[in-house]
Amino acid sequence: RAPVLASVCPRQRFVRLRAANRKQGGTLSAAFPCDDFTPSRKGMRHAVTTRAASDGTAAPSSAPPSSSTYKKIVEGMNTLFPVWTALAAVSGLVAPTMYTSWMTNDLFVNGLALIMLTMGVTLTFDDMKATLKKPLPVLFNFACCYLLMPVLAYSIGVFCGLPSAYLAGIVLVGSINGGQASNLCTYVARGDVALSVAMTTVTTFGCIAMTPLIAKLVLGTIVGVDALGIAKSTVQVVLLPIIVGLLLNQYAPKAGRAIAEHSPAVGLVVFITLVGASVAGCASAILDAGWSLQWPLIFLHAIGGILGYFGARGMRLSEKVSRTVAIETAMKSSGFAFILAAKHFTDYSVRVPAAVSVIWMSIVGSLLAVAWRYMPVPQENAANNNTSTPGTSTTNNKV
């Protein structure tokens, strides 16, 4: 037995010898003779694990410390995202050179693509399939996003007498996809977070066709617009990053999980940076326009959310789903609208409403969420009209 046991750690050798001795009727001591040798590291780990198992106590873990503290910090920071948004907007107005000195259009586009990637790594192909099982809320939200909001934006702009460039800008905001920050506000409002993620995903894919189409049909007669360029940018900024995230989850799940773990923090930092850059790029125009431009954007997001909520209730959707539809309708991807306006509209002023919308979209969505936070969801509605999308992540799409 000596050759066989020579490569075994001391404690393993002792245990085997003791077992063989007992079979032969021997009385080898049950004590581990630690004084006779210095065990190897492997032997020490084996001894501690074996002793812990016999004691009923937990063995020391070689895993890294728990990340619960990190997650709590990130969750707290995300909950305060309206505050960070307001601070970023103020800094962009007061000191625009903080952003304009280094933020280029290419960096802005890359930042938006990074936000889309952080969204994509939280999704799977099964999530996409599950969305099709209960399509009514998703389809209704799609109609609110690309029918209700563009019409509402155009009506408000005409009613408020906005100049043609500002009118084009507010319609562009109304024609863009839902914003990723809506997922966090839905969580705060006690809405259906999984459904919110599904709605954001569907409208994000939908903007590839709908936003250029609306821009060409509605805005082409108001200001110069490059509809083909909008479609190309949408594919580059929206479609490709989300597909990369989905493929990572499908074929490299470890890499996908590693990215998803940090996506809330990364998304928040990138989001507030883009808010400040959007405002800084139009700081003088925003200040010159004053409240005559602020009010139309406030009305757009607030009225859109209210109509989305009561429209969903009129279709007999549950309270939980109706809150989700309202927030998804009110909150738009204004940063994406800003970069589209900057790259594909000949008039500089078209981007100004998008920069203003970045601020009020976050504030209106947050106010709705906080108000609903203190209004309990009727249990019978939540139970009878559960439209959650199975398998969709609810923790990583905070921005």
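Contact here means heavy atoms within 4.5 Å. The structure is a predicted model, in which local features need pLDDT of at least 70 and side-chain atom pairs count only at pLDDT 80 or more, while totals for chains, interfaces and linings use all residues. Residues are numbered from 1 along each chain as its sequence is written, and side-chain values use heavy atoms, with hydrogens and water left out.

First, the overall picture. The protein has 20 helices and zero strands; helices (H or I, at least four residues) and strands (E, at least two) are DSSP runs, numbered from the N terminus. Of its 399 residues, 50% count as buried, where buried means under 20% relative accessible area, exposed over 50%, and partly exposed in between (1.4 Å probe, protein chains only). The accessible surface comes to about 18900 Å², and carbon and sulfur atoms make up 64% of that; such areas come from the Shrake-Rupley method with a 1.4 Å probe, and for residues only the protein chains shown count as cover. Among contacts with a separation of 6 or more, 83% are between residues 24 or more positions apart.

Now for the inside. A nonpolar core is a set of buried Ala, Val, Leu, Ile, Met, Phe, Trp, Tyr and Cys residues joined through side-chain atoms within 4.5 Å. The largest one has 84 residues, and Phe81, Phe108, Ile170, Leu293, Leu300 and Phe336 have the most contacts inside it. Helix α19 (residues 351-373) supplies the largest share of this core, with twelve residues. A second, separate core of nine residues includes Cys144, Leu195, Met199 and Val325. Back in the largest core, Ile170 touches Ala153, Ile156, Leu162, Pro296, Leu297, Leu300 and Pro353, not counting residues up to four places away in sequence.

Ala168 sits in helix α10 (residues 164-174) and counts as buried because its relative accessibility is 0%. Its C-alpha atom is 9.7 Å from that of Asp347, although the two residues are 179 residues apart along the chain.

Helix α5 (residues 81-94) holds Ser91, and Thr85 has its place in α5 too. Thr85 is buried, since its relative accessibility is 0%. Leaving out residues up to four places away in sequence, Thr85 touches Phe271, Ile272, Val275, Val358, Ile359 and Ser362. Ser91, at 16% relative accessibility, is therefore buried as well. With neighbours within four places in sequence set aside, Ser91 is in contact with Pro96, Met98 and Tyr99.

Helix α9 (residues 135-159) has 25 residues, so at 1.5 Å a residue it should span 36 Å, and its end C-alpha atoms are 35 Å apart, which agrees. The expected span is 1.5 Å times one less than the number of residues. Even so, α9 has a kink of about 35°, centred on Cys144; the bend at a residue is the angle between axes fitted to the seven residues ending there and the seven starting there. Just after α9, Gly161 takes a positive phi of about 65°.

On to the cysteines. A search of the whole structure turns up zero disulfides, a disulfide being a pair of cysteine sulfur atoms within 2.5 Å. Cys145 is in none, and the nearest cysteine sulfur, that of Cys207, is 8.3 Å away. Cys145 is buried, because its relative accessible area is 3%, whereas Cys160 counts as partly exposed at 31% relative accessibility.
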